[in-house]
Amino acid sequence: MTTTQQGLSFLKGHGTENDFVIVPDADGLLELSPAAVARLCDRRAGVGGDGLLRVVRSAAHPEAAGMAGEAEWFMDYRNSDGSVAEMCGNGVRVFARYLQRAGLAGAGDLAVATRAGVRRVRIAKTDADGTLGEITVGMGRAVLPEGEVTVTVDGRSWPARNVNMGNPHAVAFVGSLDDAGTLYTAPAVTPAAAYPTGVNAEFVVDRGERHVALRVHERGSGETRSCGTGACAVMVAAARRDGADPAVTGRPVTYTVDVPGGRLVITEGADGEIEMTGPAVIVAEGVVDAAWWDAPSA
C-alpha cells in the first residue's frame, strides 16, 4: 500500500462503462471511511466512479478470512456514497482485469472472494493482436422471493419481479426505457419490507428473441451505465416470464442483455448457476495528491 505521505495509488477501470476507482491494498492496512470513498468517487471533485474496489488479500480482511483457502483475493466493494455492498458483477470483472494487469493472475480460472461468497472467474486468452479476452464470472444462483412487488416512477407503477443475486433487485418490464424517468432519485418500491436494506431497480424492454435492454438505478449510486448483478437478475426474470427454467427443462438458457454502456451475455445452467460474460478495461493509473487525501472532508 502507498502511504499517505506519498499519496494514494489508484487505477480507474470499467466494465460496460460501469466505472470504478481501484485501490490496491494487499495487506489491508488502509482505512477507507465512507466519507473517503465518497470523495474518491466524486465525479467533480475526486477521481470519479460508480463505486470503489479495494484489492485486499482475503487472509488480511476479517470479512474474507474464512474464504482465504478458496480465494487469495477479496473484492472489498463500496458504492459511490461510501456504503458497503455485497456484490458487483461488473466490478468482479474489472477486479480480475486488475489482477491480470498486476501479474497476480493470468488467463484461465480465478477465484475472487466477495461479501456474497466466492465467485469463479475465467479470463479468456489475449488475442494475437493484443486484444484482451472477455471475462466470465460465475454469479451464483438467483433467489426468487415470493410476494408481489411494485415499482413506481412519476406516478406510474409496474409490477416487478423480486430477484436476489447476492444483492436485491426489483425487475420491471416496461414499454419504453424512457418510462424510468431521469433516475436521479431512487424509484419507489413497495412493499418496503421486501427490501429492508434497499434495492437496485431495473427497467426492461424487449429487443428480440432472448434479447433485452435495461436501465438501472443502483442503490447508493444512482443510475449507472451498467449493472452486472442487475443484468443477471433481468435475465432470470425475463426467462421465467418467457417460460424458460433450466431447472425444469434441463437445458441452459442464454440471453443477450444490452445496458447503456455495452452488452453482456448471461447464461443460466441446468444447475441454476449463472455466468456473465463481458469486457473489462483498465483506463488509467495514478496517485491521488497527498495533501488532498489528508485534507479533512468538507
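How much space lies in the largest cavity? In this predicted model, the largest cavity holds about 80 Å³ of space, and the count of cavities of 30 Å³ or more comes to 1. Its lining is made up of Tyr77, Asn79, Ala85, Glu86, Met87, Cys88, Asn167, Asn200, Glu218, Arg219, Cys227 and Thr229, and by class these residues divide into 5 nonpolar, 4 polar and 3 charged. One of the lining residues, Thr229, also appears among the buried residues of helix 3, an element to which the description returns below.

From the enclosed space we can turn to the open one. The largest pocket has a volume of about 180 Å³ and is lined by 13 residues, of which Arg43, Gly49, Asp50, Ser80 and Ser221 lie nearest its centre. Two elements, helix 1 (34–41) and strand 14 (222–224), each supply at least two residues of this lining. In the pocket the lining residues comprise 2 nonpolar, 4 polar and 7 charged, whereas the lining of the largest cavity has 5 nonpolar, 4 polar and 3 charged.

The interior packing comes next. In soluble globular proteins, nonpolar side chains tend to be buried together. Here the largest nonpolar core has 53 residues, and those with the most contacts inside it are Val121, Val257 and Ile266. Helix 3, which spans residues 228–241, gives this core its largest share, 9 residues. Apart from the largest core lies another, of 18 residues, among them Ala160, Leu177, Ala180 and Leu183. Within the larger set, the surroundings of Val121 can be followed in some detail: leaving aside residues up to four places away in sequence, Val121 touches Val92, Ala96, Gly108, Asp109, Leu110, Val112, Ile135, Thr136 and Val137.

Two of these partners of Val121, namely Val92 and Ala96, are listed among the buried residues of helix 2. Helix 2 (residues 89–101) has 13 residues and reaches 19 Å from its first C-alpha to its last, close to the 18 Å expected at 1.5 Å a residue. It is mostly covered, with 12 of its 13 residues buried, and the buried set includes Arg93, Arg97 and Gln100 as well as Val94, Phe95 and Leu99. Helix 2 is followed by Gly103, whose phi is positive, near 75°.

Helix 3 can be described in a similar way. Its 14 residues reach 20 Å from the first C-alpha to the last, close to the 20 Å expected at 1.5 Å a residue. Helix 3 is likewise mostly covered, since 12 of its 14 residues are buried; they run through Gly228, Thr229, Gly230, Ala231, Cys232, Ala233, Val234, Met235, Val236, Ala237, Ala238 and Ala239. Just after helix 3, Gly243 takes a positive phi of about 80°.

A last position to examine is Phe203, which is found in strand 12 (residues 200–208). Phe203 counts as buried because its relative accessibility is 0%, where the cut-off for burial is under 20%. Not counting residues up to four places away in sequence, Phe203 touches Val151, Val153, Trp158, Ala172, Val174, Leu177, Ala180, Leu183, Pro187, Ala213, Leu214 and Arg215. Among these contacts, Leu177, Ala180 and Leu183 are also named as members of the core of 18 residues. Phe203 and Val118, for their part, are 85 residues apart in sequence and 28 Å apart in space, C-alpha to C-alpha.

How values were computed
Residues numbered from 1 in each chain as written. Predicted model: local features only at pLDDT ≥ 70, side-chain atom pairs only at ≥ 80, totals over all residues. Heavy atoms only, no water. 1 Å grid on protein atoms, 1.4 Å probe; cavity = no way out; pocket = protein on both sides within 12 Å on 5 of 7 lines; lining within 4 Å. Points joined across faces, edges and corners; volume = space filled by probe spheres on them. Helix = DSSP H or I, 4+ residues; strand = E, 2+ residues; numbered from the N terminus. Nonpolar A, V, L, I, M, F, W, Y, C, P; charged D, E, K, R; others polar. Core = buried A, V, L, I, M, F, W, Y, C linked by side-chain atoms within 4.5 Å. Buried < 20%, exposed > 50% of the residue type's maximum accessible area, 1.4 Å probe, protein only. Contact = heavy atoms within 4.5 Å. Expected span 1.5 Å × (residues − 1).
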